[in-house]
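Student: I would like to learn how to read the local features of a model such as this one. Could you take me through them in turn?

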Amino acid sequence: MKRLLFILGSLLLLMATIGVVGQKTMRSPKEERREQREQRRAERLAAYERMIDSLVLSHNFQFNPQTMQRQPAGPMRSIMNPEFNIGIWGSMADICMPYIKGYTPPYYVTVLNYTIPTLDHFTTEQTHEGWMVSFSSSLFSGTTYTFIFEIYSRTGGAQLTIKNPWYSDVQYSGTISQLY
């Protein structure tokens, strides 16, 4: 009798397993729409990342600053003027950026407004988050300014640090866009 119950129980378990495995999982239309939205969003995000990568590799992009800060611990300042930007195309740059000068307090804001026909030591290096782009220029003065961009491909955001041996570094946060 115990054997018969064991065989019947095993047979019922086997049939239940086959029944569960053989069934198709039915998704509701709401779940299908959610999955389609997620897939379209993932495709758009990947296309945006490819676009940012393409801009950086073509050396044809514009940095649009939103904030600036004198390093290491200066106050954060918002940049509202849409005319401030750095445009890079080929081996040239068009620079119109606010900049903080001064050896000691009081520091003062000035504007770097130059068109550079050649960029010295121009490098583009891919990182795990995007790109590092750097170049230097004298900006027609007796000192060297070094521009270092950290570009984040996924977000389109970027940080720019302008270094000068005579002044404190100035760091900017902003976005990367196509140069028109």
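## Reading the features

Tutor: We can begin with a single polar contact, in which the side chain of Ser137 comes to 3.1 Å from the backbone nitrogen of Leu139. Please keep in mind throughout that this is a predicted model.

Student: Where does Ser137 lie, and is Ser137 buried or exposed?

Tutor: Ser137 belongs to strand E7, and since its relative accessibility is 6%, under the 20% cut-off, Ser137 counts as buried. Setting aside neighbours within four places in sequence, Ser137 has contacts with Ile116, Asp120, Thr143, Thr144 and Tyr145.

Student: How should I read a helix, and what span does H2 reach from its first C-alpha to its last?

Tutor: Helix H2 runs over residues 29–58, and its 30 residues reach 43 Å, which is close to the 44 Å expected at 1.5 Å a residue. Its buried residues are Ile52, Asp53, Leu55 and Val56, and among the elements that cover these buried residues are strands E1, E7 and E10. Just after H2, His59 takes a positive phi of about 55°.

Student: Which salt bridges does Arg34 form?

Tutor: In general, side chains of opposite charge can pair when their charged atoms come close. Here Arg34 forms a salt bridge with Glu35, where the closest N and O atoms are 4.0 Å apart, and another with Glu38, where the closest N and O atoms are 3.1 Å apart.

Student: How are Glu38 and Arg34 placed in the helix?

Tutor: An α-helix has 3.6 residues a turn, so residues three or four places apart point the same way. Glu38 and Arg34 both lie in helix H2, four residues apart, or about one turn of the helix. Elsewhere, Asp169 and Lys163 meet through their side chains in a salt bridge of 3.1 Å, N to O. Arg34, Glu35 and Glu38 are joined into one network by salt bridges that share partners.

Student: How many aromatic pairs are there, and why is the pair of Phe63 and Phe149 given its label?

Tutor: The count comes to eight aromatic pairs. The ring centres of Phe63 and Phe149 are 5.7 Å apart and their planes stand at 70°, over the cut-off of 60, so this pair is edge-to-face. The pair links distant parts of the chain, with Phe63 in strand E1 and Phe149 in strand E8, 86 residues apart. Phe63 is buried at 0% relative accessibility, and Phe149 is buried with a relative accessible area of 0%. One aromatic cluster is formed by Phe61, Phe63, Phe122, Phe135, Phe147 and Phe149.

How values were computed:
Residues numbered from 1 in each chain as written. Predicted model: local features only at pLDDT ≥ 70, side-chain atom pairs only at ≥ 80, totals over all residues. Heavy atoms only, no water. Helix = DSSP H or I, 4+ residues; strand = E, 2+ residues; numbered from the N terminus. Expected span 1.5 Å × (residues − 1). Buried < 20%, exposed > 50% of the residue type's maximum accessible area, 1.4 Å probe, protein only. Contact = heavy atoms within 4.5 Å. Phe/Tyr/Trp six-rings, centres within 6.5 Å; stacked < 30°, edge-to-face > 60°. Polar contact = N/O pair within 3.5 Å; in protein donor to acceptor, adjacent residues only side chain to side chain.
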